Structure formats: C-alpha cells, structure tokens
Amino acid sequence: MHDAPLDMRMDKESDITAEYVVNNYSEDEIAKVISDYGEELWAKRIAKFIVEERRRKPIKTTFELVDIIKKAIPASKRRTGPHPAKRTFQAIRIEVNEELKGLGDAVVDFVDVMNPGGRIAIITFHSLEDRIVKNTYKKLEDPCTCPKNLPCTCGKKPIIKIVTKKPIVPNEDEIRVNPRSRSAKLRVAEKLLF
Ligand SMILES: [Zn+2]
C-alpha cells in the first residue's frame, strides 16, 4: 500500500528480512517460496524477473518489488482480482517469519536433550535453513551476550563446539547420481562435557 524498506519481520531481532530473501536466494528458491507459500501461478516468472532486476541493482523497497511483480505477470491476467503482488508478498512474509523461528528453536531443543559429548548433524536443503542452523550453532558455541571488549559478566558458558567450520556439501559425483543433493549442506556440532 505504501513504499517502505523491504523488511516484513515480526521479530526485529531476526536478521533475515524480505530484502535478504529477494536479493540472496537463488532463482529456484525464490520461485519455490512464492509457489509454496503464495500459491502463485506466476512464481517462476516472478522469480526470474526478480533475479534479472537485482543483477542491475539490489531491490530495496516494497514499490520496487511491486513493479517487478507487475512486469512479470502478463497484463491480461492482472486486470481482475486482488492486487497482483498480494500472493508474492504473503509468501515472502511467511518465509521471513515462520520457518525461521521453528527451526532455530528446534536446534536449541535438540541440543538440550543430547548427552554431553553427543553430536548433532543437520542437513538442510535451503540457504535460509542453513543460515539459521549456522547462526543457532554459533549462539550455542558462544552464548555470552556481554560486549566483546569487556570481561564477561553474564556467566553464560559455551554449550557446544562446532565441528564443521564450513558446511559439508556433496561432491560432483554425488550430485550426478542424486541431483536433489545439490543444495544440501551438513553442519555438525558436539555437546560439551561439563
Ligand atoms: Zn558474558
């Protein structure tokens, strides 16, 4: 309805915004979000137009995104019905807010019930999910919330040690026999002994 930064976060502490999604997800990922959560028939075309546009310059505002969506949907198809950008905006909002929270909390819960010395290994198939796993591991490895230039007073101690500094990804042979492994990322962490 009005021009604004592409944010859409309910939780302003979260670092995934709508701007992050449209400027960093792959074309396939954007199409999947728009199709799965927006049930938009033109998802693939909208994703293609988004990726073409962001090559020129990053997409920063809601009106910029609306213009791209309008260009992607043929004029004859958008004369009737709700605003043409409605489904896409709904999809991105769901992506930015819901998935996030559940996954990050689940990783914390898994670690909570593990035995000391136990290992957690998570495979994700989506850049957003991988980012959440990575950031949640980091928080568990270094939960201290004190300013880094001051001595720690919060008393929060590391809970895990990250085993895979970089995610383990499939090699070309594996991708050849199992194309769906292409986007897989595996991250492992070990619960510390107290
Ligand atoms: Zn601290």
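This short talk walks through one predicted protein model, from its overall layout to its zinc site, its charged pairs and its aromatic rings.

Good morning, everyone. Please keep in mind throughout that what we are looking at is a predicted model, and that every value I mention has been computed from it.

Let me begin with the overall layout. The protein has 7 helices and 3 strands, and if you read along the sequence, these elements follow the pattern α-α-α-α-α-β-α-β-α-β. Taken along the principal axes, the C-alpha atoms fill a box of roughly 65 × 45 × 30 Å, and of the 194 residues of the protein, 39% count as buried.

We can now turn to the metal. Which residues hold the zinc ion as its protein donors? They are Cys144, Cys146, Cys152 and Cys154, each of them contributing its SG atom, and these donors lie 2.3 to 2.4 Å from the zinc ion. If you follow the donor residues in the sequence, you will find the spacing C-x1-C-x5-C-x1-C. As for the geometry, the site is tetrahedral, with angles of 103 to 116° among its 4 donor atoms. For reference, the ideal angle for four tetrahedral donors is 109.5 degrees. I would also add that both Cys144 and Cys146 are buried.

Next come the charged side chains. As a reminder, side chains of opposite charge can pair when their charged atoms come close. A search of the whole structure finds 12 salt bridges, and I will go through a few of them.

One of these salt bridges joins Glu141 and Lys165, whose closest N and O atoms are 3.5 Å apart. The pair links distant parts of the chain, since Glu141 belongs to helix α6, residues 127–141, while Lys165 sits in the loop between β2 (160–162) and α7 (172–177), and the two are 24 residues apart. Glu141 counts as partly exposed, because its relative accessibility is 23%, whereas Lys165, at 59%, counts as exposed.

Another salt bridge is formed by Asp142 with Lys148, and here the closest N and O atoms are 3.2 Å apart. Asp142 is partly exposed, with a relative accessibility of 41%, and Lys148 is exposed, with a relative accessible area of 63%.

A further salt bridge brings together the side chains of Asp173 and Arg176, at 3.1 Å from N to O. Why might these two be able to meet? They are 3 residues apart in helix α7, so about one helical turn separates Asp173 from Arg176. The general background is that an α-helix has 3.6 residues a turn, so residues three or four places apart point the same way. Asp173 is partly exposed, with a relative accessible area of 49%, while Arg176 is exposed at 60%. Elsewhere, salt bridges that share partners join Asp7, Arg9 and Lys12 into one network.

Let me stay with helices a moment longer and look at α4, which covers residues 62–72. Its buried residues are Thr62, Leu65, Val66, Ile68, Ile69 and Ala72. Seen down the axis of α4, these buried residues fall within an arc of 165°, and therefore they line one face of the helix.

Now for the aromatic rings. The structure holds 1 aromatic pair, and the partners are Tyr20 and Tyr25, which are arranged edge-to-face, with 6.4 Å from centre to centre and 85° between the planes. Are these two tyrosines buried or exposed? Both Tyr20 and Tyr25 are buried. Tyr20 has a charged partner as well, for the charged end of Arg131 sits over the ring of Tyr20, 4.1 Å from its centre.

Finally, a word about the backbone. Most residues other than glycine have a negative phi, and with that in mind I would like you to look at two residues here. Met8, in the segment before α1 (18–24), has a positive phi near 70°. Glu39, which is found in the loop between α2 (27–38) and α3 (43–56), has a positive phi of about 45° although it is not a glycine. Glu39 is also exposed, with a relative accessible area of 61%.

To close, I would ask you to take away the tetrahedral zinc site, the buried face of helix α4 and the edge-to-face pair of Tyr20 and Tyr25. Thank you for listening.

Terms used
Residues are numbered from 1 along each chain as its sequence is written. This is a predicted model: local features need pLDDT of at least 70, side-chain atom pairs count only at pLDDT 80 or more; totals for chains, interfaces and linings use all residues. Side-chain values use heavy atoms; hydrogens and water are left out. Donors are N, O and S atoms within 2.8 Å of the metal (3.2 Å for Na, K and Ca); water is not among the atoms, so sites may look incomplete. Four donors count as tetrahedral if all angles lie between 85 and 135 degrees; four count as square planar and six as octahedral if opposite donors are over 155 degrees apart and all others between 65 and 115; anything else is irregular. Buried means under 20% relative accessible area, exposed over 50%, partly exposed in between (1.4 Å probe, protein chains only). A salt bridge is a side-chain nitrogen of Lys or Arg within 4 Å of a carboxyl oxygen of Asp or Glu. Helices (H or I, at least four residues) and strands (E, at least two) are DSSP runs, numbered from the N terminus. The arc is that of the directions from the helix axis to the C-beta atoms. Rings of Phe, Tyr and Trp (its six-membered ring) pair if their centres lie within 6.5 Å; planes under 30 degrees apart count as stacked, over 60 as edge-to-face and the rest as tilted. A charge sits over a ring if NZ of Lys or CZ of Arg is within 6 Å of the ring centre and within 35 degrees of the ring normal.
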